[in-house]
Each structure stands twice: as structure tokens, then as C-alpha cells.
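Here are some notes to go with the model you sent over. Have it open while you read, and follow along point by point.

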Amino acid sequence: MQDPCQAREVLGIVGDKWALLIVRMLKDGPRRFTELKRAIDGISQRMLTVTLRDLERDGILTRTVRNVMPPHVSYELTTMGRTLREATAPLLDWSITHLPQIDAAREAYDERSIK
């Protein structure tokens with residue numbers, strides 16, 4: 001029987017904003033590193049590299065290297081990665097839908113806190 005506390009490791013993936021954005025960007029198929037970097041606003045090259053390695057290690061995506069000049073590296077969701085995408089899509093959609101309300105609530109809170 002699995003220890004329910006071990007779920008925190010999986011929740012660490014789901015709770016990581018960069019991981020979820022990468023999974024979302026890979027929903028339509030393989031993408032190259034530079035495509036991901038351009039598509040994910042605010043992510044540094046180092047953070048993208050670290051997150052891609054973590055997702056590969058966890059079996060969420062695969063990394064394919066084609067030996068051409070220059071080398072062509074692409075990333076693609078595994079079957080498990082696609083199920084993660086399906087499971088988290090409603091959360092990402094909710095976030096996008098409610099972002100204006102969250103921004104307004106934060107602004108109102110900050111104004112009250114200053115006074």
C-alpha cells in the first residue's frame with residue numbers, strides 16, 4: 001500500500017507553474033527548446049532546462065535528439081504526460097478565466113493594507 005504522504009512529490013509537479021505551462025505548451029505535439037522558451041513568458045533558460053529535465057526524469061515527457069548540424073532536440077509528452085495535461089487543463093483554464101478578478105482582488109487588498 002502506498003503512503004498517501006508520497007503524493008506530495010506528485011503534487012510538487014502539479015503545483016509547479018513552469019511544469020504546468022510546459023505540459024500545456026506540449027499539448028499539440030513535440031516542440032523544440034527555443035519554441036518553448038519563446039512561448040513561456042518569464043521563464044529563464046536555466047529554469048526551462050531544469051524543469052524539462054525534471055519532467056523527463058518523472059516520465060512526463062521524452063527528449064529526442066536528432067544528430068544533424070546543429071543538433072535538433074525536441075520534447076514531447078508521454079502517455080502519462082498527456083493524462084497530466086488532461087487532469088490539469090481545467091485548473092489552467094480556471095486560472096486564465098479568473099485572472100482579472102484575482103488581479104482586482106489583489107489591488108483592493110493592497111489598497112486596504114496601505115491605509
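1. Which residues of helix H2 (residues 17–25) are buried? They are Trp18, Ala19, Leu20, Ile22, Val23 and Met25. Keep in mind throughout that this is a predicted model.

2. Have a look at the start of H2 as well. A side-chain oxygen of Asp16 comes to within 3.0 Å of the backbone nitrogen of Trp18 there. Trp18 is also one of the buried residues of this helix.

3. On to the annotation. The UniProt record, an unreviewed entry, carries "domain: HTH hxlR-type" over residues 5–103. In the model that span is 63% helix and 14% strand, and its end C-alpha atoms lie 33 Å apart.

4. If you like pockets, begin with the largest, which has a volume of about 340 Å³. Its lining is made up of 13 residues, and Lys17, Leu21, Leu92, Ser95 and Ile96 are the ones nearest the centre. Two elements, H2 and helix H5 (79–114), each give two or more residues to this lining. The largest share is from H5, with eight residues. Sorted by class, the lining has nine nonpolar, one polar and three charged residues.

5. The second largest pocket has a volume of about 190 Å³. The elements giving two or more residues to its lining are H3, helix H4 (45–57) and strand S3 (72–77). H4 provides the largest share here, five residues. The class breakdown for this pocket is five nonpolar, three polar and four charged residues. For anyone clicking through side chains, the lining consists of Arg32, Phe33, Thr34, Gln45, Thr49, Leu52, Arg53, Glu56, Arg63, Pro71, Val73 and Tyr75.

6. Next, Lys37, which sits in helix H3 (residues 33–39). Is this residue buried or exposed? Neither label fits, because its relative accessible area is 30%, which makes Lys37 partly exposed. Setting aside residues up to four places away in sequence, Lys37 touches Ile43, Ser44, Gln45 and Leu48. Of these, Gln45 is also listed in the lining of the second largest pocket. As for Ile60, it is 23 residues from Lys37 in sequence and 18 Å away in space, C-alpha to C-alpha.

7. Thr88 belongs to helix H5. Why does Thr88 count as buried? Its relative accessibility is 4%, and the cut-off for buried is under 20%. Apart from neighbours within four places in sequence, Thr88 is in contact with Val14 and Leu20. Leu20 should look familiar, as it is among the buried residues of H2.

8. Last one: Thr78, in the loop between S3 and H5. Thr78 is buried too, because its relative accessible area of 17% falls under the 20% limit. What does Thr78 touch, not counting residues up to four places away in sequence? The answer is Gly59, Ile60, Leu61 and Thr62. With Gly59 there is a polar atom pair to look at: a polar atom of the Thr78 side chain lies 2.6 Å from the backbone oxygen of Gly59.

Notes
Residues are numbered from 1 along each chain as its sequence is written. This is a predicted model: local features need pLDDT of at least 70, side-chain atom pairs count only at pLDDT 80 or more; totals for chains, interfaces and linings use all residues. Side-chain values use heavy atoms; hydrogens and water are left out. Buried means under 20% relative accessible area, exposed over 50%, partly exposed in between (1.4 Å probe, protein chains only). Helices (H or I, at least four residues) and strands (E, at least two) are DSSP runs, numbered from the N terminus. A polar contact is a pair of N or O atoms within 3.5 Å; within protein, one must be able to donate a hydrogen and the other to accept it, and residues adjacent in sequence count only if both atoms are side-chain atoms. Contact means heavy atoms within 4.5 Å. UniProt positions are given in the numbering used here, feature names are shortened, and annotations may be inferred rather than shown by experiment. On a 1 Å grid over the protein atoms alone, a cavity is a set of points where a 1.4 Å probe fits but cannot get out, and a pocket is an open set with protein on both sides within 12 Å along at least five of seven lines; lining residues have an atom within 4 Å of a point. Grid points are joined across faces, edges and corners, and a volume is the space filled by probe spheres set on the points. Ala, Val, Leu, Ile, Met, Phe, Trp, Tyr, Cys and Pro count as nonpolar, Asp, Glu, Lys and Arg as charged, and the others, Gly among them, as polar.
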